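Reader: Could you walk me through how the labels on some charged side chains were earned? I'd like the reasoning as well as the verdict.

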Amino acid sequence: MATFAKGLEGVTAAETRMSFIDGEKGILEYVGIPIDDLARNSTFEETVFLLWNCRLPTKGELADFTQQLRSRYALPAGMKERILSVPKNAQPMHMLRTMVSALSMHDPDPNSVEVHKVREKALNVLAQVPAIIAMFDRNRRGLPLVDPDPKLTFAENFLYMLNGVKPSPAVARAFDICMILHADHGLNNSTFSSRVVISTLSDTYSALTAAIGSLRGPLHGGANEEVMEMLFEIEDIAKKEGKDVMSIIEPFIMDKLARRHEGARIMGFGHRVYKTIDPRATFLKTFAKQIATDTGNLELYEISSRIEQIMAREVGAKGIYPNVDFYSATTYHSIGLKLDLFTPMFAMSRVSGWAGHVIEQLSDNRLYRPKAEYVGPHAAPYIPIDKR
Ligand code: ACO
């Protein structure tokens with residue numbers, strides 16, 4: 001018997017071998033490996049191989065995969081002109097969604113859904129998203145464009161194309177870890193979107209474009225940007241009122257919590273699946289503290305930490321704890337990324353998860369077509385327009 005579940009809460013709608021989540025215990029594993037182990041020991045390239053092949057690579061396989069990714073860093077001819085023609089005040093997520101869609105027009109065989117061909121397309125998109133974002137950002141800042149460098153890792157190459165200088169090893173590693181932590185997360189909203197689209201045997205680009213559209217929402221990937229806005233708002237209020245920043249956090253949060261039934265939210269808290277601290281947030285918390293200290297952003301970390309304490313006291317019992325977006329905001333800010341690039345950073349990593357799910361879906365496809373429970377009238381009269 002089919003039952004109605006608003007927001008599909010608790011409904012199992014796919015099988016996956018990629019990531020496992022236990023929301024009660026706060027466990028996240030990629031192909032059985034705890035996320036913490038991967039964040040400490042792996043690289044983004046190795047993690048993508050793991051997700052797409054459901055096993056760790058040998059040395060030779062990793063070298064080959066890395067080489068294949070690097071050889072695709074450059075955009076196809078014609079893409080540069082498209083990116084430069086985007087209005088400079090466009091929002092990066094709208095730009096990214098449009099440009100990933102546009103990549104399909106530079107692929108002579110965009111519609112093929114044979115798995116080996118989809119893997120090729122996925123590798124291209126994964127390799128090229130960094131160039132799309134960096135090119136758009138440098139152009140809007142009036143800076144000369146920087147060509148990708150195939151000698152650099154995925155993380156280093158992005159930061160190099162964005163900033164025009166090679167990142168320090170510590171910053172490159174911080175960014176690489178953020179990429180690992182955001183790569184896959186069960187059947188989240190954007191991943192579900194990608195699986196729904198590919199289940200019609202549409203095409204890889206349409207599936208990835210739909211997923212980017214879904215990720216942009218403030219209830220999903222857009223939250224990291226809003227976390228940072230909240231931290232800045234708290235600092236601004238303190239400055240305007242001439243008060244110590246730590247003293248205004250409590251009233252600020254309590255006011256938002258009091259208005260939560262009107263839809264007010266403390267961004268970066270709560271999760272449909274986790275009813276305890278998100279394991280990615282646990283890792284990022286320690287990490288954010290270190291990088292915030294090293295880069296002179298400790299105040300932002302301390303504000304975050306105080307918010308976490310208040311939230312644990314007030315709503316911890318309801319299972320509302322920090323999610324991945326909460327401490328990734330401070331981490332991204334500390335490594336010098338602009339606010340409106342936070343969600344594109346999430347997308348840059350999650351392309352790997354979406355693509356892996358597209359491949360899984362195609363390997364055992366059945367069209368997604370749920371039902372809606374009709375709650376409107378029946379046998380209603382048709383009233384002629386001049387009598388309404
Ligand atoms: N701030 C305040 N109250 C919250 C929050 C929050 N961040 N999150 C949940 N609640 C409260 C709700 O008010 C509600 O309370 P009630 O039972 O008293 O009415 C209860 O917790 C359940 O909330 P729902 O919104 O129904 O939970 P749902 O599972 O639908 O939503 C979601 C999960 C969307 C993530 C929600 O927690 C939220 O809006 N969080 C803020 C946005 C955010 O950080 N999103 C990123 C999620 S992680 C990711 O996508 C990468």
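Reader: What makes Lys 117 partly exposed?

Author: This is a predicted model, to begin with. Lys 117 has a relative accessible area of 30%. Buried means under 20% and exposed means over 50%, so Lys 117, at 30%, lands in between and is called partly exposed.

Reader: How do you know that Glu 114 forms a salt bridge with Lys 117?

Author: Their closest N and O atoms are 3.5 Å apart. The cut-off is within 4 Å, so the pair qualifies. Glu 114 counts as partly exposed too, at 42% relative accessibility.

Reader: Why is Asp 137 called buried?

Author: Its relative accessibility is 0%. Buried means under 20%, so Asp 137 fits the label.

Reader: What makes Asp 137 and Lys 338 a salt bridge?

Author: The N to O distance is 3.1 Å, and that is within 4 Å, so the name applies. The pair links distant parts of the chain, 201 residues apart: Asp 137 sits in helix H6, Lys 338 in the loop between helix H15 and helix H16. Lys 338 is partly exposed, at 33%.

Reader: Why do Lys 151 and Asp 149 get opposite labels, exposed and buried?

Author: Lys 151 is at 66%, which is over 50%, so it is exposed. Asp 149 is at 9%, which is under 20%, so Asp 149 is buried. Their side chains still meet in a salt bridge, 3.5 Å from N to O.

Reader: What joins Asp 137, Arg 140, Arg 141, Lys 338 and Asp 340 into one network?

Author: Salt bridges that share partners. The structure holds 23 salt bridges.

Technical notes. Residues numbered from 1 in each chain as written. Predicted model: local features only at pLDDT ≥ 70, side-chain atom pairs only at ≥ 80, totals over all residues. Heavy atoms only, no water. Buried < 20%, exposed > 50% of the residue type's maximum accessible area, 1.4 Å probe, protein only. Helix = DSSP H or I, 4+ residues; strand = E, 2+ residues; numbered from the N terminus.
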